[in-house]
Amino acid sequence: NGPPSTIRFKKRSTTIVNQTHRNSVRHRALRLITQERNMMRTPRFRDVMLRLLFFALLLEPGYLRRCCGRAVPHHRRRGAGVERLQNVTLTNATLSTATQLGRELSLEGCQIENFGPTLFGLLQRTDCLTLRGGTIPTVTFNSHALDTFVIDGTGLAMFSVVPTEVPYVKLRILQITRNQLRQLTPNLSLLVGLKRLDLSQNRLSYVDLDVLGSMQRLRDLDLSVNRIVRLDASPELQLPGLRNLWVSYNRLRSFGAFPGAFPALDTVRLIGNVWHCSWVDRARANIIRHGITAFGADYDCPGERQGGLCCYDDALSEEETTVGTLRLDGLTPPATGDDLTLRETNRSMPTIGVRFGDVEIFL
């Protein structure tokens, strides 16, 4: 009650107190929001939230059944859809039953003298065929249905392709590894649809790259871990799609087609050979000029080491004499595929020798 001036003063004081309280609450709220934002930006907070989200998903019914790791081609679960036959005698009945269950077939530990057109004819519904282990010395390819063909560790010594009027355009991947293959059939050129050719870990001693000239889609070529002393190619050879080339761990001294025959080459592996030093110098300049990535490096070289590769000054170059596989009477290399090499060793006293298979004769 009191005078009017006293009442107005009390109202004004109350209003100021209320505004101060509201401002204090607002500042406190803004401070909390700022702290929360800063905390959300910290790595620890993000890790905690991701873990909570992960456990929440695990607790969701049926999530584990829907989520699975897929690190294999064609977005399949590992091993799913692959029909395996192990240590069986192949007949029309066994193959027919297997091909009806899945489009990918793996034959493991089988004994087959010649995997030929008759057996391929039973696999018209198969996309991917793997022959692994066992004994399969001969394969005569004749399939327009296969997309991928793998021959691994079967003792294969002869691989041929049946000539047909229709080109083999569907086969994209051919892998022949850990076998006894000594030479390439000229009919390999009929596989025009190949994108990946893996011939590593065989006994090849000579390769005519012109056989691959018709494979314009070829992207990956692996000739590593063989006994190749010579890679021949005509000046006109071009493999425009080749991106990755592996010729490591052979017995090469020079490689005249590199890199001119491979205009789109991205990566190369050259280690583990007996390169001539002059060739290494040219190859290194070409690698830098064309922006090619060279993987690997040689160590503990008995000769010189240039650009990460072992090389030998006293090795005979192709311009000086015949190197690599010795051609008899100007014909093709020996049909046996044995390593018949005229070479000069890396010794203080130049010694000329001839190597035939496992026999060496030095003069």
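This passage describes the disulfides and the burial of cysteines in a predicted model.

Two disulfides are found in the structure. One of them joins Cys 277 to Cys 311, with an S to S distance of 2.2 Å. This pair ties together distant parts of the chain, since Cys 277 belongs to helix H6 (residues 277-290) whereas Cys 311 lies in strand S18 (residues 309-312), and 34 residues separate the two. The link between Cys 277 and Cys 311 is right-handed, with 85° about the S-S bond. Both ends can be placed with respect to the solvent as well. Cys 277 has a relative accessible area of 2% and is therefore buried, the cut-off being under 20%. Cys 311 has a relative accessibility of 0%, so this residue also counts as buried.

Another disulfide connects Cys 301 with Cys 310, and here the S to S distance is 1.8 Å. The torsion about the S-S bond of Cys 301 and Cys 310 is about -80°, which means that the disulfide is left-handed. Cys 301 and Cys 310 are both buried.

How do these links fit together along the sequence? When the bonded cysteines of the protein are numbered in sequence order, the pairing reads 1-4, 2-3. In this pattern, the pair of Cys 301 and Cys 310 is the 2-3 link, and the pair of Cys 277 and Cys 311 is the 1-4 link.

Two further cysteines can be described by their accessibility. Cys 110 is buried because its relative accessible area is just 1%. Cys 128, at 11% relative accessibility, likewise falls under the 20% cut-off and so counts as buried.

Methods:
Residues are numbered from 1 along each chain as its sequence is written. This is a predicted model: local features need pLDDT of at least 70, side-chain atom pairs count only at pLDDT 80 or more; totals for chains, interfaces and linings use all residues. Side-chain values use heavy atoms; hydrogens and water are left out. A disulfide is a pair of cysteine sulfur atoms within 2.5 Å. Helices (H or I, at least four residues) and strands (E, at least two) are DSSP runs, numbered from the N terminus. Buried means under 20% relative accessible area, exposed over 50%, partly exposed in between (1.4 Å probe, protein chains only).
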